[in-house]
Amino acid sequence: MKKKSIILALIAAAVVLGAFTGAAAAFGESYTLYVQSVPSGATVICNIAENQDTTPGYLTIMDGSGGIPGSFSVRFTKDGYEPYYYTVYKSDFYNNEQTITAHLTPIQEDGVLYVTSSPKGASVYVDNVYYGTTPVSDEISPGTHTVRISLSGYSTVSKSVYVGEGSTATVSVSLDPVVSTGYLSVSSTPKYADVYVDNAYMGQTPMTMSLDTGTHSVTFKKSGYSNYSTSVRINAGQTSSLSAVLAETETGGYVSIASNPTGASVYIDGTYVGNTPASSSAGTTSYLSAGPYSTNTYHTLVLKLDGYNTYSTSFMPQEKSVITITPTLTRSEPTTANLHVTSSPAGASVYVDNVYYGTTPATIPNLQVGSHSVKVSALGYTDSVNTITVSAGQSVELPVTLVPTSPTPGASPAPILGILAGLAAAGIFFAARRH
């Protein structure tokens, strides 16, 4: 009887363990990721792992009843380094193990490039990109850069400069003047015609002017007469001469237009006729001449310039007369706002009204006034959703601190196995004692 009872107890234990084995199958297999980084000490997070760790370390993934995805992402983060993302494929596990090594890239701090010249006002190009006129001070990526400094009438200077991370590199040059000018003497019949050289207003005939050497286009304009255009070659230290005989045009009236500020696009009766010219170097107001236009009838005049309100008026020319119009344009009010989103940690995805705008730090220009939904999300962190209201002309800063998600540990079958095995052993022991 004693032997029989022991056998019955063993059978009962086997039944209990078999039941546990079926239950344990619901937990699935355990997968191990060995994670390391160069340099070490990076925090590693995977949203389907049972834990997070610091390199070198391990991540445990349980293949539950729903299975794990065919691929998922692991993120490495370390202060002073760019985030590193790695896609893990379930098919790449060998014996339920896989090793991942992340080579982290240091975050480079920009340096500052400071460029001066004598005389100042020279154009500055860095790696063939225009940076403004001297003096120039701007942030720039660390490394070696080619700086080119040019000013009309002076020799161009090119230099190679190294900008260190977080430091300021200075380039200071004295430009040598280049003797490359000649003279042009102009006259016209009739006189007092407007003279344009390379589309720039120079004054009225008769006059003599200084020009850079080379070939220039010259146009004579006078109301009631056809334009006269030609080209002239200017040699260093020499004087060239031009004399224009202007032909009278058909009947009609004319209009001369200037604007403050200059550069406005001009439309007459809906047709583009040019842009208001800049004033001459002597400070004389320059005009855009147009015509002839039919007399004793009204013509529409429209001026457009970015950042300014459209100017509209009408004019009625008289026979061979000139109407002068010199409006001052008024600035237009802004109708949009700018939004700048930052996050901790950086590199999070930004969505405004469910439209993706890149990763933080991100700038969203020309945002329409009113309320907007801003979502900032990153792997391993809870999404941050904010509602903001912007007004015209605003520049809104939105700093976001993301909260790490808390991984839900899967139940480990090991403790349950120990408890059931203990119960089975106790059953065998008491069954033996009873017999």
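A residue counts as buried under 20% relative accessible area, as exposed over 50%, and as partly exposed in between. Keep those cut-offs in mind for the close-ups below, which come from a predicted model.

**View 1. Y125 and Y130 form a tilted aromatic pair.**
With a relative accessible area of 47%, Y130 falls between the two cut-offs and so is partly exposed. Its partner Y125 is partly exposed as well, at 23%. Look for two ring centres 5.5 Å apart, with the ring planes at 55°. Pairs of aromatic rings are described by just these two quantities, the distance of the centres and the angle of the planes. The model holds 9 aromatic pairs by the rule applied here.

**View 2. Y196 and Y201 meet edge-to-face.**
Here the ring centres lie 5.5 Å apart, and the planes make an angle of 65°. An angle over 60 degrees counts as edge-to-face, so this pair takes that label. Both tyrosines, Y196 and Y201, are buried. Y196 has a further partner to look for: K221 lies over the face of its ring, at 4.6 Å from the ring centre.

**View 3. K304 sits over the face of Y267.**
This close-up shows another lysine placed over a tyrosine ring. The distance from K304 to the ring centre of Y267 is 5.3 Å.

**View 4. H145 is a buried histidine in strand β12.**
Strand β12 covers residues 143-150. The relative accessible area of H145 is 7%, which is under 20%, so the residue counts as buried. What does its side chain reach? One polar contact goes to the side chain of D127, at 2.7 Å. The H145 side chain also reaches the backbone oxygen of S141, at 2.7 Å. Beyond neighbours within four places in sequence, H145 is in contact with V126, D127, I140, K159, S160, V161 and V163.

**View 5. L151 lies in the loop between β12 and β13.**
Strand β13 spans residues 157-163. L151 is partly exposed, with 22% relative accessibility. Setting aside residues up to four places away in sequence, L151 touches P119, K120, G121, A122 and L175. S117 makes a handy landmark in this view: S117 and L151 are 34 residues apart in sequence, while their C-alpha atoms are 9.7 Å apart in space.

**View 6. L339, V341 and V374 have the most contacts inside the largest nonpolar core.**
This core has 19 residues. Which elements give two or more residues to this core? They are β29 (336-344), β30 (349-352), β32 (362-368), β33 (370-377), β35 (384-390) and β36 (395-401). To trace the surroundings of V341, find V350, T360, P361, A362, I364, V374, V376 and L398, which V341 contacts when neighbours within four places in sequence are left aside. A second, separate core has 18 residues, including F76, V88, I100 and L104. In soluble globular proteins, nonpolar side chains tend to be buried together.

**View 7. G237 is an exposed glycine in a loop.**
The loop runs between β20 (228-234) and β21 (239-245). At 62% relative accessibility, G237 is over the 50% cut-off and therefore counts as exposed. G237 touches T181 and G182, leaving out residues up to four places away in sequence. Y183 is 54 residues from G237 along the chain, and 7.3 Å separates their C-alpha atoms.

Key
Residues numbered from 1 in each chain as written. Predicted model: local features only at pLDDT ≥ 70, side-chain atom pairs only at ≥ 80, totals over all residues. Heavy atoms only, no water. Helix = DSSP H or I, 4+ residues; strand = E, 2+ residues; numbered from the N terminus. Buried < 20%, exposed > 50% of the residue type's maximum accessible area, 1.4 Å probe, protein only. Polar contact = N/O pair within 3.5 Å; in protein donor to acceptor, adjacent residues only side chain to side chain. Contact = heavy atoms within 4.5 Å. Phe/Tyr/Trp six-rings, centres within 6.5 Å; stacked < 30°, edge-to-face > 60°. Lys NZ or Arg CZ within 6 Å of the ring centre and 35° of its normal. Core = buried A, V, L, I, M, F, W, Y, C linked by side-chain atoms within 4.5 Å.
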